[in-house]
Amino acid sequence: MSGSILLGIFWHFVGAASAACFYAPFKQVKKWSWETMWSLGGFFSWIILPWTVSYLLLPDFWAYYGSFSIATLLPIFLFGAMWGIGNINYGLTMRFLGMSLGIGIAIGVTLIIGTLMTPVLQGKFGLLLSTSGGQMTLLGVFVAVIGVAIVSYAGLLKERALGIQAEEFNLKKGLVLAVMCGIFSAGMSFAMDAAKPMHQAAEQIGISPLYVALPSYVVIMGGGAIVNLAFCFIRLAIKPELSVKADFSVAKSLLITNALFSILGGVMWYLQFFFYAWGHANVPEHYGYMSWMLHMSFYVLCGGIVGLLLKEWLGVGRKPVRILCLGCLVIILAANIVGMGMAS
């Protein structure tokens, strides 16, 4: 396995670790509605940071974006909005299925669709089946799905041991939402593929290969921002129990603390895709769609590791922890199989 591929896998792991940890600062926010907290963090992660980073990278910010036609930018924007819808469904999935079952189904679906639909749409799936490298990468995807399922089962055992239940458990509604979340969340993978002309243009004006994907985030995350912020603002406007005025009327010290934690959560959220771009740059171009598989499977892996470090598994017994560790090892195995497939 080449050093470049190993480096790509490593950066995908770093990005996934940031994704697994990004909600920790949000948990420190007190006496604010979720909508206010999410909007402030999201404003930084979806708008402020992508625009700032791109402005610093590009020699001429407006000329770069003005060089693309609407026909090029619109699909990228719409795939970003599609991914934004997946984000909203993600929260609803947890509400009706609980964390472990919801994550297992949603991540499993988005891992498969986001990874495999790109070569299918490009007419290259047959090539994967007919080459040894392609067959090995497909095996890695299959093993990753098994790993996600094992970790999710461990989480389900943990929830049962701790007596944790979904807010409004509804299997039928939850399964529909989980599948929808998985499908729509794959929009990020599709957006990255559609944004290749933007990546190539960035490279042509001298941007380092590590950073060529970052300017496209202005468009991709712009689509996601509109969906997420619209959802939050509409709820803040129509729900009588929610009040922005009340949220910002808390004590000044708490107001500052809440704002800083929300912004920190947004920054950590953005960093997952900052390092995703670094990982993607080190993956062979014809296996670029595997970036999504690595990111999502590492997301589940890092979520399990973070849970162990934060002692969230204390008191659940040995069996759930052993199954969690087994699932993590399977995901690590899947990453190695994919790496060997890309190198062959």
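Here are four short exercises with worked solutions on the predicted model above.

Before you start, note that residues are numbered from 1 along each chain as its sequence is written. In this predicted model, local features need pLDDT of at least 70 and side-chain atom pairs count only at pLDDT 80 or more, while totals for chains, interfaces and linings use all residues; side-chain values use heavy atoms, with hydrogens and water left out.

**Exercise 1. Describe how helices α10 and α11 are arranged.**

Step 1: Two packed helices are described by the angle between their axes and the distance between the axes. Helices here are DSSP runs (H or I, at least four residues), numbered from the N terminus. Axes are lines fitted to C-alpha atoms over the stretch in contact, with angles from 0 to 180 degrees between N-to-C directions.

Step 2: Helix α10 spans residues 187-194 and helix α11 spans residues 196-204; their axes come within 5 Å and cross at roughly 50 degrees.

Step 3: That makes α10 oblique to α11, the class left over once angles under 35 degrees (roughly parallel), over 145 (roughly antiparallel) and 65 to 115 (roughly perpendicular) are taken out.

Step 4: M192, D193 and A194 of α10 meet K196, P197 and H199 of α11, where contact means heavy atoms within 4.5 Å.

**Exercise 2. Find the residues with the most contacts inside the largest nonpolar core, then list the partners of M293.**

Step 1: A nonpolar core is a set of buried Ala, Val, Leu, Ile, Met, Phe, Trp, Tyr and Cys residues joined through side-chain atoms within 4.5 Å. Buried means under 20% relative accessible area, exposed over 50%, and partly exposed in between (1.4 Å probe, protein chains only).

Step 2: The largest such core has 90 residues, and Y217, F273 and M293 have the most contacts inside it.

Step 3: Leaving aside neighbours within four places in sequence, M293 touches L111, T115, G140, V141, A144, A334 and V338.

**Exercise 3. Locate K31 and describe its backbone and exposure.**

Step 1: K31 sits in the loop between α2 (23-26) and α3 (34-57).

Step 2: Most residues other than glycine have a negative phi. For K31, phi is positive, near 60 degrees.

Step 3: K31 is exposed, at a relative accessible area of 68%.

**Exercise 4. Are E35 and G304 buried or exposed, and what do they contact?**

Step 1: E35 belongs to helix α3 and is buried, at 5% relative accessibility. Beyond four places in sequence, E35 contacts C232, R235, L236 and L242.

Step 2: G304 is in helix α15 (residues 290-309) and is buried, at 6%. Its contacts beyond four places in sequence are W313 and L324.

Notes:
Helix = DSSP H or I, 4+ residues; strand = E, 2+ residues; numbered from the N terminus.
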